[in-house]
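Open the model in your viewer and keep the selection tool ready. We will go stop by stop.

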Amino acid sequence: VNLLLQIVSLGTFQVLKLPLGFIRVLEWLFAIFAFATCGGYSGQLRVSVDCINKSDSNLSIGINFAYPFRLNRVEFDVPMCEGRRQERLYLIGDFSSSAEFFVTIAVFSFLYSLLATVVYIFFQNKYRENNRGPLIDFIVTVVFSFMWLVSSSAWAKGLSDVKAATDPDEVVLLMSACKVQTNKCSSVYGPRWSGLNTSVVFGYLNFVLWAGNIWFVFKETGWHKGGAARYPASSSEKQATAFNQQVYNQGSFDQSGGAFTGTGDFAQSEYSQVGNYGGPISYTNQ
């Protein structure tokens, strides 16, 4: 517990109250939701084949599929309504590229958001050194914003194709027994899409977060006027500032006589001030 308290005391958690740090935490959370809802999905659909000969019928044919949605590898057996014969069929389509691309972007954005948050809290001095940290952060934020837009759009299109390929009414058209009018084929139920629909929503929300954070990261760079770091000063910086102020206040300046009192040969110098105090001063060294 003491070690944990020491680690916490070294950090500047006030940065989490600023938009830059707060949005990074939101990006971290929303990235988890994005790849969890997509990468953890599994669905099922059921169809029925009612043959003239009832003994050949199968009224509950289950077809399971899951991420990464290589549907052309999903196989299922259906009756042919010709005795006990069955045929093995496969779903149509391979939509793994868009799904895996989406999940990959989510995982990497999760890792970067976590890393950036740790740097903001514990290594802000290194982050601000030579302006390298804000510049790298700005470039990475722009790249991830673009990648979130591309991956979310690609996955939205891929999801619509997955829905079409797993539509029970389309699946029954693949069965030879369903092409005979005397046999009756129908869908029992289709997949539930709420989880995958949510993943697309989280994808676009991540794009909004990353795109909105571009401005706050840009303000930390030297490209923005007044781009000095907006983090609270650390204790060591506060002590250095107080020491410099104390040394500055030790100088003695006599405003009434207009003469600087010191030691050495310069004590005999006289200065004449033109105008009010605070204006231009001319000095004559006798």
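Which residues does methionine 175 touch, not counting residues up to four places away in sequence? Select Met175 and look around it: the list is Val47, Val49, Phe76, Val78, Glu87 and Leu89. Keep in mind that this is a predicted model.

**The core**

Now add Phe65, Phe69, Phe76 and Trp155 to Met175. Of the 48 residues in the largest nonpolar core, these five touch the most other members. Next, color the elements that each supply at least two residues of this core. The helices are α2 (19-39), α3 (96-122), α5 (132-165) and α7 (194-218). The strands are β1 (42-50), β2 (58-66) and β3 (75-79). Stay on α3 for a moment: with 9 residues, α3 gives the most to this core. In soluble globular proteins, nonpolar side chains tend to be buried together.

**Out to the surface**

Select Val107, which sits in helix α3. Is valine 107 buried, partly exposed or exposed? Its relative accessibility is 31%, so valine 107 counts as partly exposed. Add Phe108 and Leu111. Together with Val107 they make a nonpolar surface patch of about 260 Å².

**The whole chain**

Zoom out and show the cartoon. The protein chain has 8 helices and 7 strands. Of its 286 residues, 33% count as buried. Switch on the surface: the chain exposes about 17200 Å², and carbon and sulfur atoms supply 60% of that area. Last, turn to contacts with a separation of 6 or more. Residues 24 or more positions apart account for 69% of them in the protein chain.

Definitions and conventions: Residues are numbered from 1 along each chain as its sequence is written. This is a predicted model: local features need pLDDT of at least 70, side-chain atom pairs count only at pLDDT 80 or more; totals for chains, interfaces and linings use all residues. Side-chain values use heavy atoms; hydrogens and water are left out. A nonpolar core is a set of buried Ala, Val, Leu, Ile, Met, Phe, Trp, Tyr and Cys residues joined through side-chain atoms within 4.5 Å. Buried means under 20% relative accessible area, exposed over 50%, partly exposed in between (1.4 Å probe, protein chains only). Helices (H or I, at least four residues) and strands (E, at least two) are DSSP runs, numbered from the N terminus. Contact means heavy atoms within 4.5 Å. Accessible areas come from the Shrake-Rupley method with a 1.4 Å probe; for residues, only the protein chains shown count as cover. Patches are made of residues with over 30% relative accessible area and no salt bridge: like charges are joined within 9 Å, nonpolar side chains (Val, Leu, Ile, Met, Phe, Trp, Tyr) within 5 Å. A salt bridge is a side-chain nitrogen of Lys or Arg within 4 Å of a carboxyl oxygen of Asp or Glu.
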